[in-house]
Amino acid sequence: QADAELVGLAAELPPNAALHARVGALLLDVGNNPRSLAEFKSALQLDRRSPEALAGAGEASFRLRQYWPARRYLEQALRRRPSPEVARRVQIVNLIVGLDPYAESLDTEERADRVRRALRIASARLQSCALSHHVDLQNAPQSGELVGYNEQLQQLESESRKPSFAQEPELQNQALTLAGSIEEATARICGPPQGPDLALLLLQQQHESAPQ
């Protein structure tokens with residue numbers, strides 16, 4: 001009901017940047033991210049320097065997994081009005097963009113390098129999570145989700161060291177899927193990820209939700 005009322009209110013707003021940004025923030029609160037982004041964009045058409053509208057557009061874009069536009073909005077917002085919250089968002093968005101192996105601008109070697117980095121990040125998280133739960137990943141007779149992922153990880157890490165890895169997109173996709181699965185499993189078992197692990201998890205979720 002609140003969402004419907006806000007959408008109705010947005011349609012009747014005068015050309016006032018602050019009002020559009022305020023309604024955009026309220027729509028963000030109720031989870032209507034697409035309409036929220038539209039309101040922040042309307043605010044920016046009226047005042048392209050509005051820190052509230054820039055930060056709001058960045059947050060809405062982030063929630064919609066539109067990470068490149070999110071970075072642009074958030075960096076502008078941070079320049080206009082420094083904020084620890086916006087700075088944290090910029091940090092994670094930069095990690096996501098820097099790790100993204102699906103970026104169209106990458107050549108085959110750069111993509112392979114990002115896949116290898118994803119495997120290293122997932123491997124470190126897996127080791128840390130296993131240690132905190134007293135799981136011996138090298139103990140083959142021991143059953144469990146983490147042990148199974150470790151066996152797959154060792155095989156794909158070995159494959160990733162071969163010079164031919166950069167020319168094998170299917171193998172790279174397997175590696176990325178495994179890295180994402182490890183991040184999902186360790187988040188469930190060992191708690192929410194941070195830093196590069198969070199970036200990797202969000203990339204996996206973005207890829208899973210993308211039209212095939």
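This passage describes the nonpolar cores, the internal cavity and the salt bridges of a predicted model.

The largest nonpolar core comprises 52 residues, and Phe62, Ile92, Ile96, Leu126 and Ile182 have the most contacts inside it. Helix α7, which spans residues 108-132, supplies the largest share of this core, namely nine residues. Leu126 illustrates the packing: leaving aside residues up to four places away in sequence, Leu126 is in contact with Leu137, Leu146, Tyr149, Asn150, Leu153, Ile182 and Thr186. Ile182 thus appears both among the contacts of Leu126 and among the residues with the most contacts inside the core. Another core, of five residues, lies apart from the largest one and includes Leu6, Ala10, Leu13 and Val23.

Empty space inside the protein was examined next. One cavity of 30 Å³ or more was found, and the largest cavity holds about 70 Å³ of space. Its lining consists of Pro101, Tyr102, Leu176, Ala179, Gly180, Leu200, Leu203 and Gln204. Two elements, α9 (169-190) and α10 (195-209), each give two or more residues to this lining. By class, six of the lining residues are nonpolar and two are polar, while no charged residue takes part.

Charged side chains were then considered. Side chains of opposite charge can pair when their charged atoms come close. The model contains seven salt bridges. In one of them, the side chains of Glu52 and Arg81 meet with an N to O distance of 2.6 Å. Glu52 belongs to helix α4 (residues 51-63) and Arg81 to the loop between α5 (67-80) and α6 (84-99), so this pair ties together parts that are 29 residues apart in sequence. Both partners are partly exposed, Glu52 at 40% relative accessibility and Arg81 at 44%.

A network of salt bridges links Glu59, Arg63 and Arg89. Within this network, the side chains of Arg63 and Glu59 meet at 3.0 Å, N to O. These two residues both lie in helix α4, four residues apart, or about one turn of the helix. Arg89 also forms a salt bridge with Glu59, with the closest N and O atoms 2.8 Å apart. This second pair links distant parts of the chain, since Arg89 is in helix α6 and Glu59 in helix α4, 30 residues apart. The members of the network differ in burial: Glu59 has 13% relative accessibility and therefore counts as buried, whereas Arg63, at 39%, counts as partly exposed. Arg89 is likewise partly exposed, with a relative accessible area of 26%.

Definitions and conventions. Residues numbered from 1 in each chain as written. Predicted model: local features only at pLDDT ≥ 70, side-chain atom pairs only at ≥ 80, totals over all residues. Heavy atoms only, no water. 1 Å grid on protein atoms, 1.4 Å probe; cavity = no way out; pocket = protein on both sides within 12 Å on 5 of 7 lines; lining within 4 Å. Points joined across faces, edges and corners; volume = space filled by probe spheres on them. Nonpolar A, V, L, I, M, F, W, Y, C, P; charged D, E, K, R; others polar. Core = buried A, V, L, I, M, F, W, Y, C linked by side-chain atoms within 4.5 Å. Buried < 20%, exposed > 50% of the residue type's maximum accessible area, 1.4 Å probe, protein only. Contact = heavy atoms within 4.5 Å. Salt bridge = Lys/Arg side-chain N within 4 Å of Asp/Glu carboxyl O.
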